[in-house]
Structures are given as structure tokens and as C-alpha cells.
Amino acid sequence: MFKRLFSLSGLVSVLILLSAAGIIYKNRVLHVPLLPKQDQDIWLVEARISYEAKGEPVKVALALPGEGWENPTEGQQISLGYGFSVEHEDGKPVGFWSAREPKNRQLIYYRVRVEEGTGRYEFRQPRSAKPPEAGEVRAKGSLGVALEALVEAARQRSADDVTYVSQVQQLLKKKPDSGSFAYLQRYYEKKYPDVWEREFAMDLLEMADIACRPCLGVKLEEERGAQRHINLIEYYDRAENVWHVVLPDGGSMANIVLWTRARSMLEVYGGENSEVTFTAIKERAPAGAAERMAQSPWWIATISALPVSERAPFRYAALIPFGVLAVVLLRNLVGLVTLGTFMPVLLGLAFLELPMSAAIIMLLSMLFGGLAFRAMLSKFNLLVVPRVAACVVIVTIFMMAVSLLSYKIGAVDGLRVTVFPMIVLAWTIERMSLIWDEEGAISAIYQVVGSLVAAVAAFGMMKIEAARYWVEYFPEVLLILLAIILLLGRYTGYRLTELFRFRSAADINS
Amino acid sequence: MKKWWHRWLASPVELRRLGVIGLNERNGKYLLPNNQRKFYRKVDDKLVTKLLAQEMDLAVPELYHVFRTQGELKDMHAVLGDCDSFVIKPSRGSGGRGVLVIKGRRGDKFVKASGVVITAKDVVRHVREILGGLFSLGGSRDVAMVEACISCHHDLAKISYQGAPDVRVIMLHGYPVMAMLRVATRQSDGRANLHQGAIGIGIDLVTGRTIHAVHHGDSVTRHPDLDTELLGLYIPGWDQVLEMATKGYEMTGLGYLGADLIVDEAHGPVVIELNARPGLAIQLANATGLRHRLEKVEQQALAHPGVNWSDRIKFSIAAFGTEVQAAEGFRN
């Protein structure tokens, strides 16, 4: 019985049974669909508050989303040892967390679901309330003169409040090099380091008697990871009697949701170094299913119970087994030769974060640049470890150069060149140059091409939308992958390249 | 039933019929089950191999000296004495890297096999590099062996373009299974690796004569650079070659093993190195798949464990000699 269980086929069957049981349970009992739904776009947006407790009673106030989108759902807070209540200030919801004596670094999470495309960016001013009035801008001397000039120019080219605002936005987007604008830009940058565009725009609006106030939004973008909030402005359009929410420089609001119309996001009493960051990820399962799973006692079965910001790293890490499977298939079934066994998987991960063409060009330039440097080094007959270390330094310098260069020519992709694993690259260069010396250039290039093909295949596997969905909601799938890989470990048939290698054997014997 | 793609690919069915084995099969069925990790040290370190071989009374190139530390290099002159020809090589080098062959002296300078003259200082620097790990994979420290230079038997030297041809015998459970002669070409630059352009020549286990040759996967009968006949050549001291290779099993305990030997003009066959992961090109050189032979040996070893070396050779000759003749009959 035990012998049976520990044989490979026994192990494989156990793995598949376990995995199937988990999948069937989730699908039948918790009603989690087996494939991601294509048409739904629900985002999980999470605010993560962190601060250092000073050992005294603490009160944390976070502006909560209320009016930012249609059908707001109730949010969920995750914290240890805090009392939580929601109060309304001027009709805007604010969440209060309080605790008597928290210690050290504290984390509080608040998350809420947002349906894509339901963001609201216009708010009618209640008829009963008296119309808002613009604040007064106190700018004297040359500053006032310069502002007046800009306001006048914008007023000349606009017909009403809306067109005036768009003139101001264009101005901030173009940032003309003219003397007065540059002078003002320097002034505002110095006075309001992080929010100078917002303050500048608001002063220009208020000088034209347009009432406005700051508000805060969040960008719905998975790739961003943890982000700060986005600074927005809402202004009062006197003709239409509505408030409009816009970006100071007129950028697209398409994937930005308004989190709060309150002026401040976070206030912490009794703590210091407080900070709030946001993480947005796409919820690939229907809202109900995710809830049921998070509450299910089978906690091991899902990573969706984790706070969103802690879950984000898994997004890529849990995909690695799919890439590894691709490499196993290519090496043992096709017989592709690669530089380093799982180096292609790491490259594939890099491809996930960069457009592939840019990634390949950057990789090849770094590889051959490093190789040229390595060829230079080989004259000195260095020992291996210092030699590879020197390569790491060179690769680092190359990365900086590529970043700078692509920034100068305006290609943003280059800036993320650091997604390439440096140490792996250096070893790849080392191995490649050894092969170059021992077996010739053709063999070395053949292996580079093999590695690239494997990297693209690994990328392809990890890119599959269903794969991403499964690792998040059906991590049991990994057991099936394990079973497949174990079975492949027993494959003793020919590799595809061997059919080529032994092609003449058939001729000789016939 | 020949399809156009047979020009480029053999069909798996046909390869299976021919008994050709692939890397997956070699590793999964023969290498992993039969070669214990702990024995690898005996073949991966040439110094260990040499000492073990001497214990078994197997002929090896005479070991003059081993340099283990940089400090010993002071004694270089005393060690080399008035020795005219010698080889310096790293104990754990791979693929022939770091091997320095000195053929003679000119005054206090040394003449390399290629005819280039170098100074004693160059020799010392070479040893230094070996000790520093320049030629060992992973850059770990190594020792340098100084040993006698083999003068290859003239029958074999005449078919090789520089570099001595070596004989490889593959064994399973100590039974010789297949053998080939590897001959350098201008393209392979004195090295005996088939994928670098060396010629592989299959040897009949019974007669010790060469039967078939491949260069880059294609059948050839004459050396591409020297235009000498490659087939029908007798390997001098063939019986001894088989005996020494076969004893390599007792020496290492490795079930799947390749032995590389060179036939010396004066001393006959000597063991150069043993290999725990011998390649598969030997099948092309012999125009025969390994599987039928490996399976026969597997059955034999299972049925009669603990057979001594001479009976193992007898078995192989009886079992595979007829097979070779049959295959040749089939070919004609």
C-alpha cells in the first residue's frame, strides 16, 4: 500500500486527486467559475495606511470613497486591535480607527470594489445651497503681474468657465518656455513642491472668479503596484451649476476614479511618519465568489484573502511554475539548448513587464555589449569570480546608460530596464563567452537564440489570462503542473532535435 | 514511404527500430539508475582517476609531478630536470582546456606540440593559471599534473591531423558495449570532440578493426584533410584496450561508463580519462543503435551478477560480434 503510494504514478495520482478535489469544491460549492469572465471589469482598490505609533492613544482618519462612482459598495477594513467607525463630515464619509496603545509600525487596510466605467466626474450643486464663491488670490508685485498676464491671455481665448479651464490646462501641459510662465513655475515648484501644478491651476482659476477646490483620486492600473493618490481639482461651472472634476494638466480621466472630494486624505493623531498608498488590482472572479472564498475555512486554498498590496507580488511569482513547465517541455521534448537552465523563465518575467520587442532589443544590446567587454577582460586572465563580478558592474553601467539614452530619446520603456535580473545576465554573459571560446560563435549564438525562444515560450505561458486567474483562485492547479513535470521527468523518448541529429542513421542502414 | 522531410528528420519509429537512444533515454534509463553520485569524483578528477588506475595496475601516462600550491613553483627546474617532453594539465579541466604539450627543448626554452617556442616563465605562468582555477568550471582551485607525453602509435597517428586519436569504449555494468576511434581534423583543431568537427570511426568489438566513419553526421571513408583510408584499420593492442577499459568498471563502480585510451608507440594502450556521461555520437560512428546491446547486457547482468572482466568481454564479443556481422550483411 505504502509502496504503491510512493511510486511515481501513485504520487501523481494523489496530486491530481487533491487538486481536482479543491477545484471541484470551489466550483460546485463556492461557485467560482473555472474560467475568468471576460466582460466584467471589477477593480479591487485598497488603501494601505502605515505609521509609527508613539505609544499613546491613536486616532486615524481616512477619507472614504462615497460619491466617486455609481453604486458604491460598502468597503472592508482590515486591522488588528482597532475600533472602527464611519462618520460623515459635510456629507463626506470618513473612516475613524482608534486604539489605546498601539506599538511600533502599524498597518491598516481599507478596500473597496469599483466597477470600471462607473466613475463620476460631475456633481450638481444643490439648488438650496448658495453658489460657491471663488477664494481670493493674494499675489503682489511681479508675481501678480505675471499671473494677471496669463489669466488675461486665457480669458481672451475662452468663452465660458469650461473653455477657460481647458486653456489653463493646456498651458500647464505645454509648459511654454516664455519668461513669465517659467518664472511662475519656479515660484510654485518652490512653494508647493509636490502639488505645484494643482496650486498653480487653482490660483489661475480663482483669479478668473471660478470657484475650485482640491480633491483626490486613485489610478486603476495593475502595473503600477503601490501608488500615491492622484491630485485632482474640482471647479464650479456657473453656467451649468455643476462641479467638474479634472486633472490640473487636462490629462485623461479614463482610468482615474475620484476617491474623495475632501481636501485631505489621511490624518493620524498620536503617530508619525504616516502614509497612505493605494493598490488597484483587477478582480477576475465575480464579486460574490471572491467573498465566499475569502470566508471559506479552507484558507490555504486561496491567496485572495491576503491584503491586496501583499498579494501583488504573487501575481508574478505564482506564474513562475507555468514558465518553468514551458522550459521543461522545450528542453526535454524539443531538445532546445539554453544558456542556464531556468534563465529563460527570468527573462520571460521581464517580458511581462516590458513590451517584448523593446525587451529583446535591450537584452541583446546588453548581452553583446557585455560580451565585448568580457572579451577584453579575457586578455588579463582573471579568475572566474572577479571576472563575473566585473561583468555585473558593467551590466549595471549598461543599464544606467540604456535608461538615460531611452529617456533622452523619449522612449519610456527603457526606464524599466532594471526588470532584467542583473546577476543572471552577468552569468549568462560569462557562460556565453566560454561557449564562444570553446565551441565557436555559431554555437554561442545558437544557444542565445534557444534561450530567447524559451523565454518567449515561458512568457507566452505566463501571459495566458486563464493562467493568471487560476493561480489566484485555483492555486491547486500548481499541483497538476507538478504532476505533469514529474511525469515529464520519466520521459525517455527522443527529443525533436535528436530526430535531426540522427537523421543519417536511417540512411546508413537502408 | 520516404517523405520530403526525411532529408531533415528521422522518424521516431525508424530510430526506435534501429535502436538509437536519445539523451532522455540515456539519462533516465542508464545513467541515473546506474551511476551513483558519490562515484563521480573518481572520474571527474583526473588525478584521482590516475591513482586508482595505478592501484589496479592499469597503464597510464607516467605522472612526473603534481603542483598543488603556488609556492612549489620555485622547484620547477628541479622537477622538470632534463625532461624533454611532457604534458601539463589541470586535474579538473574539461574539454581539453588548459592542456600544455611540450615536445622538446631548444636551449633553455620549450617547444610546444604546434612548434611554437615558449620560455620557462611561460610554463610557470601556465601552471599558475591552472592552480588559480582558470580552467576548472566554476573557477574552483585546482592542481596541475605534469605527466609523460604520449607518442601515439604510428598506425593511428597517420590518420589524424595533429592531436593523438583516442579510443572510446562505452560499458554498461562493465560489459563493453560499443567502441569508436576519434580522430582530429584541421577543423577540430587537434581536439577529439565530434561536434567540433572531429571524425568518429566505429570499431568492431571482435576484430578491433574500424568499420564505419562519420564526419559531421555524414558517412565518410577517407580523412578530409589527409586523404588517408579510415576503414579496415586495426587498433594496435585491441585486446588490451578492451581489457583495460573493462577494468574501469571495477575501478569506479560506475554502471554506465566511457573509457578513453590512447595507444602509445612503445607502451601500448594507456588510460587517459574515464567519463561518467559519455555522449551518443558513438551510435552514428558505428551506424548502430545502442539500445539492443544495452538491453542484452542489462538482462545478462541481472541474471549473472558479479562476473569477472574476462568473462564479460567474452560475453560482449559473442553477443555483439555476430550482430555486427549481421548488420554488415544487411548493409550489403
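R37(B) lies over the face of Y40(B), at 4.4 Å from the ring centre. A charge is taken to sit over a ring if NZ of Lys or CZ of Arg is within 6 Å of the ring centre and within 35 degrees of the ring normal. Chain A offers another case, with R261(A) placed over the face of F123(A) at 4.2 Å from the ring centre.

This is a predicted model, in which local features need pLDDT of at least 70 and side-chain atom pairs count only at pLDDT 80 or more, while totals for chains, interfaces and linings use all residues; side-chain values use heavy atoms, with hydrogens and water left out. Residues are numbered from 1 along each chain as its sequence is written, and chains are lettered from A and ligands numbered from 1 in the order in which they are written.

**Aromatic pairs**

Rings of Phe, Tyr and Trp (its six-membered ring) pair if their centres lie within 6.5 Å; planes under 30 degrees apart count as stacked, over 60 as edge-to-face and the rest as tilted. By this rule there are 17 aromatic pairs over all chains. One of them is the stacked pair of Y188(A) and Y192(A), at 6.0 Å centre to centre and 20° between the planes. Y188(A) is buried, with a relative accessible area of 1%, and Y192(A) is partly exposed, at 22%. Here buried means under 20% relative accessible area, exposed over 50%, and partly exposed in between (1.4 Å probe, protein chains only). Y188(A) and Y192(A) belong to one aromatic cluster that also holds F181(A), Y187(A), W196(A) and F200(A).

**Nonpolar cores**

A nonpolar core is a set of buried Ala, Val, Leu, Ile, Met, Phe, Trp, Tyr and Cys residues joined through side-chain atoms within 4.5 Å. The largest has 73 residues, and L181(B), W238(B) and L290(B) have the most contacts inside it. Strand 8 (residues 175-183) of chain B gives the most to this core, with 7 residues. A second, separate core has 58 residues, among them L319(A), L352(A), M362(A) and L481(A). In soluble globular proteins, nonpolar side chains tend to be buried together.

Contact means heavy atoms within 4.5 Å. Leaving aside neighbours within four places in sequence, L181(B) has contacts that include L156(B), I159(B), P165(B), I199(B), I203(B) and I235(B).

**Chain A**

Chain A has 18 helices and 13 strands; helices (H or I, at least four residues) and strands (E, at least two) are DSSP runs, numbered from the N terminus. Along its principal axes the C-alpha trace of chain A spans about 100 × 60 × 50 Å. Of the 510 residues of chain A, 48% count as buried. Among its contacts between residues at least 6 apart in sequence, 77% join residues at least 24 apart.

S19(A), in helix 2 (residues 8-29) of chain A, is buried, with a relative accessible area of 0%. Not counting residues up to four places away in sequence, S19(A) touches E476(A), V477(A), L479(A) and I480(A).

G91(A) lies in the loop between strand 4 (83-89) and strand 5 (92-99) of chain A. G91(A) is exposed, with a relative accessible area of 57%. Between G91(A) and S403(A) there are 47 Å in space, C-alpha to C-alpha, at a separation of 312 residues in sequence.

**Strand pairing**

Two strands pair if DSSP finds at least two bridges between them. In chain A, 4 strands form an open sheet in the order 3-6-1-13, with antiparallel pairing. Strand 3 (76-78) and strand 13 (271-283) of chain A stand at the edges, each with a single partner strand, so one side of each is left without a neighbour in the sheet.

The table lists antiparallel strand pairs in chains A and B.

| Strands | Bridges | Opposed residues |
|---|---|---|
| Strand 1 (42-53) and strand 6 (105-115), chain A | 11 bridges | W43(A) and V114(A) |
| Strand 3 (100-106) and strand 4 (109-112), chain B | 4 bridges | G104(B) and V111(B) |
| Strand 4 and strand 5 (117-118), chain B | 2 bridges | F110(B) and I118(B) |

Strand 3 and strand 4 of chain B form a hairpin with 2 residues between them, and G107(B) in the turn has a positive phi of about 65°. The hairpin of strand 4 and strand 5 of chain B has 4 residues between the strands, and G115(B) takes a positive phi near 100°.
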